Amino acid sequence: MLSRVLVPLAQPKISRELSLAGMQEAQFLYLTTKGRNTGKMREIEIWFVEYDGNYYVVSELREGSNWVQNIKHDTSISFRVGDKVFKGTARIVADKKPELSSRVSKLMDKKYGWSNGLIVELKPS
């Protein structure tokens with residue numbers, strides 16, 4: 001008879017400094033939009049950066065994302081980062097704002113190593 005031995009996976013060694021930094025800078029934002037067809041509230045988990053009092057997310061599918069379509073239909077949103085909850089509005093950052101787009105892309109690249117897509121600004125009320 002064969003017996004199985006379960007070995008727990010090793011936990012990564014994280015320094016206290018890195019652990020505290022991770023608690024201070026959340027990796028995900030939870031965005032809630034109102035479904036354009038159903039009217040139901042829809043929540044997604046997404047990467048984000050904070051800049052100049054606003055939050056920015058990037059849609060990899062650009063305007064093809066359901067959440068972007070929802071925002072185009074109704075700009076009222078809510079979102080949470082860590083234990084902070086916000087209500088506000090969202091808008092697509094157009095090519096008419098190249099300095100803002102460039103800055104947000106650089107911040108996304110620095111934080112996640114990725115920034116390719118449509119930038120959406122979340123403005124807390």
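**Exercise 1.** In this predicted model, find which backbone oxygen lies 2.7 Å from a polar atom of the Ser59 side chain, then work out whether Ser59 is buried or exposed.

*Solution.* Start with the side chain: the oxygen belongs to the backbone of Arg62. Next, place the residue: Ser59 sits in strand 4, which covers residues 54–59. Now check the accessibility. Ser59 has a relative accessible area of 1%, and the cut-off for buried is under 20%, so Ser59 is buried. Finally, look around: leaving out residues up to four places away in sequence, Ser59 touches Ser65, Trp67, Val68, Gly117 and Leu118.

**Exercise 2.** Take Leu118 and say which strand holds it and how far it is from Ser65 in space.

*Solution.* Leu118 is in strand 7 (residues 118–124). Going C-alpha to C-alpha, Leu118 and Ser65 are 9.8 Å apart, with their positions 53 residues apart in sequence. Leu118 is buried too, at 8% relative accessibility. Beyond its neighbours within four places, its contacts include Val57, Val58, Ser59 and Ile92.

**Exercise 3.** How many aromatic pairs does the structure hold, and how is the one between Trp47 and Trp114 arranged?

*Solution.* Count them up and you get 6 aromatic pairs. For Trp47 and Trp114, the ring centres are 6.1 Å apart and the planes meet at 65°. Edge-to-face needs over 60 degrees, so this pair is edge-to-face. Trp47 and Trp114 are 67 residues apart, so the pair links distant parts of the chain. Both rings belong to partly exposed residues: Trp47 at 32% and Trp114 at 24%.

Conventions
Residues numbered from 1 in each chain as written. Predicted model: local features only at pLDDT ≥ 70, side-chain atom pairs only at ≥ 80, totals over all residues. Heavy atoms only, no water. Helix = DSSP H or I, 4+ residues; strand = E, 2+ residues; numbered from the N terminus. Buried < 20%, exposed > 50% of the residue type's maximum accessible area, 1.4 Å probe, protein only. Polar contact = N/O pair within 3.5 Å; in protein donor to acceptor, adjacent residues only side chain to side chain. Contact = heavy atoms within 4.5 Å. Phe/Tyr/Trp six-rings, centres within 6.5 Å; stacked < 30°, edge-to-face > 60°.
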